[in-house]
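User: I should like a close examination of a single part of this predicted model, followed by an account of the empty space found in the structure.

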Amino acid sequence: MKCVDVEMLELPQLLQEMERYAVAHDVPILNENGRRYYAQFIREAQPHRILELGTAIGYSALLALSLAPSNCVVDTVELSPERYAEAQANFARTTYGKRITQYLGDAGEVAARLAQEGRTYDFIFLDAAKAQYPDYFRKVTPMLEPDGTIVADNVLFRGYVHHPVMMPRRFETIVQRLQEYLKLVQTPPYETEIFPRGDGLARTRVRREGGTI
């Protein structure tokens with residue numbers, strides 16, 4: 001077996017490289033506005049255990065670890081073998097990758113298995129199949145710590161979630177499911193903020209007694 005030297009990069013350099021790669025190859029990672037919000041959420045939550053549904057090339061997992069406490073770990077799930085391999089290669093190029101556990105498979109199925117294993121997380125990021133967000137939410141909430149946060153990307157889906165009149169028929173199911181998701185996360189005991197710039201990020205937390213989060 002031929003041994004190949006992996007170029008180890010400082011994380012900011014690697015993240016910039018991944019951003020360029022995503023643009024060139026049409027890879028769905030957090031857009032510029034989404035990155036700012038996501039970074040803010042991680043800084044505020046300071047999570048120690050993150051579950052991510054939708055790895056893509058590994059950008060959001062590495063971004064989170066760059067801002068989280070030094071003992072933070074990430075479990076991340078990806079359906080595409082190609083994307084899984086790309087993320088694995090990117091993780092190998094930074095020491096942060098040692099704190100990431102990858103799962104290859106359907107996000108809902110893997111989430112259900114992790115729940116059965118008794119896993120818990122204080123930060124959960126949904127960025128997989130948009131039409132499955134309601135199912136993902138039901139499967140991950142039993143694993144959410146009392147003070148935990150759930151963040152979902154693309155919840156406004158090109159603006160069609162709030163303005164579906166001109167929506168192409170092929171998007172009907174996705175938009176309906178995202179509308180269902182937003183109802184779920186705004187139903188007590190959950191409280192959700194929607195950040196509309198970009199394609200929409202939703203941050204959900206559990207309302208405590210007394211009306212504060």
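In which sense do strand β4 and β5 pair, and over how many bridges?

Analyst: In this predicted model, β4, which covers residues 121-126, pairs with β5 in the parallel sense, and five bridges hold the pairing. One position of this pairing can be named: Ile-124 stands opposite Ile-150, a residue of β5. The two strands also belong to a right-handed β-α-β unit, in which helix α6 (residues 133-140) is the helical member.

β5 has a further partner in strand β7, residues 201-206. Here the strands run antiparallel, and five bridges join them. Ile-150 takes part in this pairing too, with Thr-204 as its bridge partner in β7. Ile-150 is thus set against Ile-124 and is also bridged to Thr-204. As for solvent exposure, β5 is mostly covered, since seven of its 10 residues are buried.

Beyond the strand, the chain enters the loop between β5 (144-153) and α7 (172-185), where Leu-156 is found. Leu-156 has a relative accessible area of 9%, and it is therefore classed as buried, the cut-off being under 20%. The C-alpha atoms of Leu-156 and Val-175 lie 8.1 Å apart in space, although 19 residues separate the two in sequence.

The account now turns to empty space. Rolling a probe the size of a water molecule over the atoms shows where such space is left. The largest pocket has a volume of about 600 Å³. Its lining comprises 30 residues, and those nearest the centre of the pocket are Pro-28, Asp-127, Ala-128, Ala-129 and Lys-130. Sorted by class, the lining of this pocket contains 13 nonpolar, 10 charged and seven polar residues.

A search for enclosed space across the whole structure returns one cavity of 30 Å³ or more. The largest cavity holds about 50 Å³ of space. It is lined by Pro-28, Ile-29, Leu-30, Gly-54, Thr-55, Ala-56, Tyr-59, Ser-60 and Asp-127. By class, that lining divides into five nonpolar residues, three polar residues and one charged residue. Pro-28 and Asp-127 appear in the lining of the largest cavity and also among the residues nearest the centre of the largest pocket.

In summary, β5 pairs with β4 in the parallel sense and with β7 in the antiparallel sense, and seven of the 10 residues of β5 are buried.

Methods: Residues are numbered from 1 along each chain as its sequence is written. This is a predicted model: local features need pLDDT of at least 70, side-chain atom pairs count only at pLDDT 80 or more; totals for chains, interfaces and linings use all residues. Side-chain values use heavy atoms; hydrogens and water are left out. On a 1 Å grid over the protein atoms alone, a cavity is a set of points where a 1.4 Å probe fits but cannot get out, and a pocket is an open set with protein on both sides within 12 Å along at least five of seven lines; lining residues have an atom within 4 Å of a point. Grid points are joined across faces, edges and corners, and a volume is the space filled by probe spheres set on the points. Ala, Val, Leu, Ile, Met, Phe, Trp, Tyr, Cys and Pro count as nonpolar, Asp, Glu, Lys and Arg as charged, and the others, Gly among them, as polar. Helices (H or I, at least four residues) and strands (E, at least two) are DSSP runs, numbered from the N terminus. Buried means under 20% relative accessible area, exposed over 50%, partly exposed in between (1.4 Å probe, protein chains only). Two strands pair if DSSP finds at least two bridges between them. A crossover is right-handed if, with the strands pointing away from the viewer, the path from the first strand over the helix to the second runs clockwise.
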